[in-house]
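Visitor: Please take me closely through one pair of paired strands. Then place that pair in the rest of the model, as far as the model allows.

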Amino acid sequence: MSPNALPARVLPEPVREAIGRRDEHGAIGLHRAASARQRERQALATRAPHALMARAGLAVARLALALQPHARTVWIACGHGNNGGDGLEAAIHLQQAGRQVLLQLLEPPAGSTAPDDARLAQQRARDAGLVIHTGTQSPPGAGQADLVIDALLGRGLGRPAEGPLAAAIEAINDAGLPTLAVDLPSGLPGDGGHPVGPCVRADWTLALLTLAPGLFTGAGRDLAGEIWQDPLGTLDDPQPMPADARLNDGRSIERLMPLRPHALHKGSSGDVLVIGGARGMGGAAMLAARAALVAGAGRVHLHPLDPQGLATDPLHPELMHCSRPDSDLLARCTVVAGCGGATDIIGWLPELSRHAARLVLDADALNALAADSALLALLHQREAGRTVITPHPLEAARLLRYPLETIQQDRLAAAQELARRCHAVVVLKGSGSVIAAPGRLPWINTSGSAALATAGSGDVLAGWLGASWSRRATLPASPADPWQASEQAARLAVHLHGQQAQRLSPDRAALPASRLAEAACLLRPRHPDTGPGPIA
Ligand SMILES: NC(=O)C1=CN([C@@H]2O[C@H](COP(=O)(O)OP(=O)(O)OC[C@H]3O[C@@H](n4cnc5c(N)ncnc54)[C@H](O)[C@@H]3O)[C@@H](O)[C@H]2O)[C@@H](O)CC1
Ligand SMILES: Nc1ncnc2c1ncn2[C@@H]1O[C@H](COP(=O)(O)OP(=O)(O)O)[C@@H](O)[C@H]1O
Ligand SMILES: [K+]
């Protein structure tokens, strides 16, 4: 086994991966189960029987040895499908590398049989002299192993695990050992990232062939740990299956960073107008305005909905108070509406829908929209690429009239549906924010952390996004692609917002939103989140 050829680490960033894995947008593609299967079929068709699984097993064993080089005993829990087959193949290599392997195999449920590849892997493991424990209990000594490899279930998860499978998942979690998941943590739905039954909590996940969106959003990040990928030698295959989504990671947004040329003037950075801050919630609008200012908008106007609200910001006297925005101002600005807007924002929405050049709707503006289909119809009449909405999952649930659970079970689908219904670019916030524009592949953002789970960090994002969009609006637009500017502005702001939070709070301690607003930028942060790179 060559120790040099390891898979590529996808998260945490930065990625130093094999050449050729990025698409024409400089992005890494994500595949839902149906296209992953199709990709697998394509790969199987051009290879010798069992070659793909043998390679998968080798990739798992190599990564296990690289991550835990001193592990002497490795417990490998295998299911009856091809995910288990990968585990069995890995067992052969780990045994050959001198490790003691405790190999557990769950029997198929009554009436079903293991797939051919997995059966062949079982035979090969037996032929290699491995002892296979087939009871429902973990193998003796498993709890004292140095590493557990979870090969119970991968992309085949069809329903919540129960019975022996659920017990095996719980045994892995209860053991508290360093855990490497094969392809997916068992129990994690690859498309959605929101388990409804028991699920392995892994320290590392090695995705095989394709990357599942569910690894990067919802509960996926916490359950998958550090994410690695091995394309199993398929990078040069002709016509690979197109992706269903893309990763909005550091590399993919590099090309979106606006230049600040020497001859820049405030008129070339665009204007932002923030409307929000009803009584008692002036801070929300102030945070959005500050973020827009610090992120580099040419001019920032603030219209507080509370007439007694702060007229000026003592920390930022450059912020312009605006007592009554007229249609000329609306037609010039990127309008960020709704932060702390309460019900006072409702009356503004028809006018904003008609006149705002670019419109970012957040918080209470979204609640107003959810409650009034006439407002939604007005939004629909706006030109393509003129609106961005930034709901958190509960706001998305109100807008779509779905239970919150449904949103979280398939965040990609929810964001796409919202984009279609609202005729807007959508930022569905939370762990692994999804950015979706109508009729386009959605993006899953990789930056950010629980440091952002504080009141006001969404207001900061809305203002940041406003500045990002204003800046892009002054650049030459692509007439053939009306969604491009707003989608790119959202991608850039969402990624930098998360990246700055990681930089300011590396240990994920709660980050006051006012500190984040002061760090708003549209440039590469000075201290990007770096870590040891993978060996690719
Ligand atoms: N065929 C190959 O050569 C390759 C297979 N690969 C592996 O194959 C995996 C997919 O394999 P499978 O399609 O066999 O699926 P899995 O091994 O993930 O699951 C096996 C079977 O378990 C059953 N099942 C699903 N949910 C269950 C539940 N809650 N309780 C009990 N049984 C349940 C299903 O019938 C499913 O087909 C990937 O995740 C990956 O690890 C990849 O390594 C690529 C190569
Ligand atoms: N655990 C997390 N991981 C990554 N990003 C997060 C996490 N929690 C919150 N965020 C981000 O923080 C922001 C919170 O926005 P929101 O829920 O609207 O809060 P608020 O209304 O208090 O400002 C969003 O950008 C969201 O994506
Ligand atoms: K697994």
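Guide: L206 faces W228, a residue of β9. The strand on the other side of this pairing is β8, residues 204-208, which runs parallel to β9 and is joined to it by five bridges. Strands count as paired if DSSP finds at least two bridges between them. Strands here are DSSP runs of E of at least two residues, helices are runs of H or I of at least four, and both are numbered from the N terminus. In a regular strand, side chains alternate between the two faces of the sheet. Strand β9 covers residues 226-230, and four of its five residues are buried, so the rest of the structure largely encloses it. Buried means 20 or more other C-beta atoms within 10 Å of the residue's own, exposed means 12 or fewer, and partly exposed lies in between, with C-beta atoms placed from the backbone.

All of this is read from a predicted model, in which local features need pLDDT of at least 70, side-chain atom pairs count only at pLDDT 80 or more, and totals for chains, interfaces and linings use all residues. Residues are numbered from 1 along each chain as its sequence is written, while chains are lettered from A and ligands numbered from 1 in the order in which they are written.

UniProt, in an unreviewed entry, lists residues 36-240 as "domain: YjeF N-terminal"; such positions are given in the numbering used here, feature names are shortened, and annotations may be inferred rather than shown by experiment. The C-alpha atoms at the two ends of that span are 10 Å apart, and the span is 35% helix and 16% strand.

Another parallel pairing is that of β10 (residues 245-248) with β19 (residues 443-445), over three bridges. There N248 has N445 of β19 as its bridge partner. Both strands belong to an open sheet of eleven with mixed pairing, in the order β2-β10-β19-β18-β17-β16-β15-β14-β11-β12-β13. Its edges are β2 (29-30) and β13 (320-321), each with a single partner strand, so one side of each has no neighbour in the sheet.

Two loop residues deserve a check of their backbone. Most residues other than glycine have a negative phi. H50, in the loop between α1 and α2, has a positive phi of about 70° and is partly exposed, with 17 other C-beta atoms within 10 Å. A342, in the loop between β14 (333-337) and α10 (349-355), has a positive phi near 45° and counts as buried, with 20 C-beta neighbours inside 10 Å.

As for ligand 1, 28 residues surround it, and G81, N82, N83, G154 and G156 come nearest; a residue is near a molecule if its C-beta atom, placed from the backbone, lies within 6 Å of it. Helix α3 gives the largest share of that shell, four residues. Around ligand 2 there are 18 residues, of which H392, K429, G448, L452 and G458 come nearest. In that shell the largest share, four residues, comes from helix α16 (residues 457-473).

Over the whole chain there are 18 helices and 19 strands, and 56% of the 536 residues count as buried.
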